[in-house]
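Me: Could you take a close look at a single part of this model, a stretch where the backbone leaves one element for the next, and then tell me how its surroundings connect to the rest? I would like a connected account rather than a list.

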Amino acid sequence: MIHVENLNKSFKVSKRAQGIRAAIGSFIKPNFETIEAVRNLSFHIDPGEIVGYIGPNGAGKSTTIKMMSGILVPDSGQCLIDGKNPWKQRVDHVKNIGVVFGQRSQLWWDVPVVDSFELLKNIYKIEDKTYKNQMELLGDSLAIGDILTTPVRQLSLGQRMRCEIAASLLHDPKVLFLDEPTIGLDAVSKLGVRKFIKTLNREKNTTVILTTHDMSDIDALANRMLLIGKGQLLLDGSLQDIKKQYFKEKTVIVDHFENKKVLKIPGVTCKEQEINRSVFSVPVNQVKVSDVIQSLARDLEIIDIEVTNPDVENLVVDLYKEYNI
Amino acid sequence: MKAYYAYFKLSLLKNLQYKTAALAGMATQLFFGMVFIMIFEAFYSLSGPQPIGFDQLVQVVWLQQAFLSFIMLWQRDSELNDMIVKGQIAYELVRPNKLFPFWYFKLLGQRLAGGLLRFFPIIAIAIFLPEPYTLKGPESWMTLVWSLVSLTLGLLVIVGISMLIYISIFYTLSPMGSFLLVGVFGEFFAGLTIPIPLMPQWLQTLCFILPFRYGGDLPFRIYAGHIKGSDIVIGLAMQVTWLLLIWLGGSWWMNKSLKRVVVQGG
């Protein structure tokens, strides 16, 4: 579906030190620095995949999305989406894609949402019947039925965002690019949006590429993860595999009745021990969690026991550290 | 085509909402119309006969004020500006349409809305003003028809010039320069500062070649009966020529500048 090969894009960024002298200097001889936003990027995405595209700020995520949606022209490299080159066949290409830029708005500010939708209907030449079906589907699943007649300027951020997503999907695109779609959303809206993306993917086999800084989005949605840093693709794999690889420790938290003995289990570090609560860190490739629990059950009168993975947020921090980005 | 029409319609409807702005604009234009006429009245009473009669000039002034939205070049659409400067253009580029006609019709809708909201009350008031300030009717039905045709073509030319200003923002990244420059030059060469018939001959020739007078001068002087017969035909031909030139050149320039668009951040 999406085929990217050796994509490169660099930007010229002007540089100037602080102060009047530097300002005058840059007037005569401006300083530019070339920043390579994307370097030799290659990947392949099959139809119906949901791919999480992550990386720290400035890694080149949005730049990639913009090149794939035909907005930016890369310096070199190939990209084919559904057999089309996004920047050379822009008009043909964009008929089949939907894009949500979480930071920007595509709705007309001063008019009711439905007017913007009506405009999009005409722009994408959507049939009346398809439009009606899509409106019903989107209205229900994104819960925007009631706010369609409200001017955009009077919507809350969450309401607007849901309308933005609906607007990008009116023409039933084959590929959906989501650039930080859950930015600024409350928990309920976030869950709603996630659920909707899942349904869409399942029912219409829409390919979804999602960039976000909220790792729980990726956790909930994506079955594959691409990690990009300093413009280069660093890691490409299923989230499960990555978790297995990086989640080397599990945490065991025990609530128990009063205990003053020092607990020692071979291979396990005790991170915290209080009178009625102890926390252990278990390296899963050396010690079995069941052994730890057995040994704890012998020594303690357990009230409650909890075994947790490190959260995905930490996984990303580790990944960023490991790849030095 | 339907898409462009939809864009035009939404732009028109949106701008028809701004009633207070229209009311304020109307008051300003009535005031300016009166001031201009008083200045010309003083000028005419002290000088001999001029190439354009005072009566005709009064009509030109009122029509210029009534249709200011159609002819002024400094009218700035902050939305288009933001799209270019702040990167909102990203969404425009993921639509399956060419951008030049897209924006052209948006601007057209905006100007048409501004004009429709204002022209009628201004004309209605100007008709009932006492002599010599009153706006008189055209000499014949044909004069009215020709001036309306010319006004329509003129609006299309002016929207085209605005488009060129917006495209220049891709290079300058600030709307100030282009609008100020084209605004001042354009207004002068459109005869909005000094009426074109009062200019020296060489300057009139220059105005005739440049596109600006085909918005704010030609249609109204046709109405006033100052431009007649074959001159009307030549004027309309010039309008069509400029319209084609701007569309061809503008589309080409737009495509060229889109290649250098950089949408940064987020």
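Reply: Helices and strands are taken here as DSSP runs numbered from the N terminus, with helices being H or I runs of at least four residues and strands being E runs of at least two. On that basis K125(A) sits in the loop between α4 (113–123) and α5 (128–141) of chain A, and this loop, with the helix before it, is the part I will look at closely. The model is a predicted one, and what follows should be read as a description of that prediction.

The backbone at K125(A) has phi near 50 degrees, which is a positive value in a residue other than glycine, and K125(A) is the residue with positive phi that follows α4(A). As a residue counts as exposed when 12 or fewer other C-beta atoms lie within 10 Å of its own, K125(A) is classed as exposed because it has 11 C-beta neighbours inside 10 Å.

The helix before this loop is, by contrast, mostly covered, with eight of the eleven residues of α4(A) buried. These buried residues are V113(A), D115(A), S116(A), F117(A), L119(A), L120(A), K121(A) and I123(A). In reading such a list against the model, one may keep in mind that an α-helix has 3.6 residues a turn, so residues three or four places apart point the same way. The cover over the buried residues of α4(A) comes from both chains: it includes α5 and α6 (157–169) of chain A, together with α1 of chain B.

Two other places in chain A can be set beside K125(A). K230(A), in the loop between β8 (224–229) and β9 (232–238) of chain A, also has a positive phi, near 45 degrees, in a residue other than glycine; K230(A), however, counts as partly exposed because it has 18 C-beta neighbours inside 10 Å. The other place is the end of helix α2 (residues 61–68) of chain A, a mostly covered helix in which eight of eight residues are buried, among them I65(A), M67(A) and M68(A) as well as K61(A) and K66(A). After α2(A) comes G70(A), whose phi is positive and near 85 degrees.

The presence of α1(B) in the cover of α4(A) leads to the contact between the chains, in which 20 residues of chain B touch 25 residues of chain A. On the chain B side, the elements that give two or more residues are α1 (2–16) and α6 (89–93), and α1(B) gives the most, with seven residues. By class, this side of chain B has twelve nonpolar, four polar and four charged residues.

Further along chain B, two helix pairs can be followed on either side of one loop. In the pair before it, the axes of helix α2 (residues 19–46) and helix α7 (residues 99–127) of chain B come within 10 Å and cross at roughly 40 degrees, which makes α2(B) oblique to α7(B), and this crossing is right-handed. From α2(B) the contact draws on A22(B), G25(B), M26(B), Q29(B), L30(B) and G33(B), while α7(B) supplies L117(B), R118(B), P121(B), I122(B), I125(B) and A126(B); by class these are eight nonpolar, three polar and one charged residues.

The loop itself, between α7 and α8 of chain B, holds P132(B), which is joined to E131(B) by a cis peptide bond with omega of about 0 degrees.

Beyond that loop, the axes of helix α8 (residues 141–172) and helix α13 (residues 230–258) of chain B come within 9 Å and cross at roughly 25 degrees, which makes α8(B) roughly parallel to α13(B). Here the crossing is left-handed, and the contact residues divide into 20 nonpolar, seven polar and no charged.

Chain B also holds L181(B), which lies in helix α9 (residues 175–189) and is partly exposed because it has 13 other C-beta atoms within 10 Å. The C-alpha atoms of L181(B) and W74(B) are separated by 9.3 Å, although these residues are 107 residues apart along the chain.

To return to chain A as a whole, its domain assignment gives domain 1 (2–7 + 41–243) and domain 2 (249–308), with the C-alpha centres of the two domains lying 44 Å apart.

Notes. Residues are numbered from 1 along each chain as its sequence is written. Chains are lettered from A and ligands numbered from 1 in the order in which they are written. This is a predicted model: local features need pLDDT of at least 70, side-chain atom pairs count only at pLDDT 80 or more; totals for chains, interfaces and linings use all residues. A residue is buried if 20 or more other C-beta atoms lie within 10 Å of its own, exposed if 12 or fewer, and partly exposed in between; C-beta atoms are placed from the backbone. Two residues are in contact if their C-beta atoms, placed from the backbone, lie within 7 Å. Ala, Val, Leu, Ile, Met, Phe, Trp, Tyr, Cys and Pro count as nonpolar, Asp, Glu, Lys and Arg as charged, and the others, Gly among them, as polar. Axes are lines fitted to C-alpha atoms, for helices over the stretch in contact, and angles run from 0 to 180 degrees between N-to-C directions. Angles under 35 degrees count as roughly parallel, over 145 as roughly antiparallel, 65 to 115 as roughly perpendicular and the rest as oblique. A crossing is left-handed if the near helix is turned anticlockwise from the far one by less than a right angle, and right-handed if clockwise. Domain bounds come from an automatic or database domain assignment.
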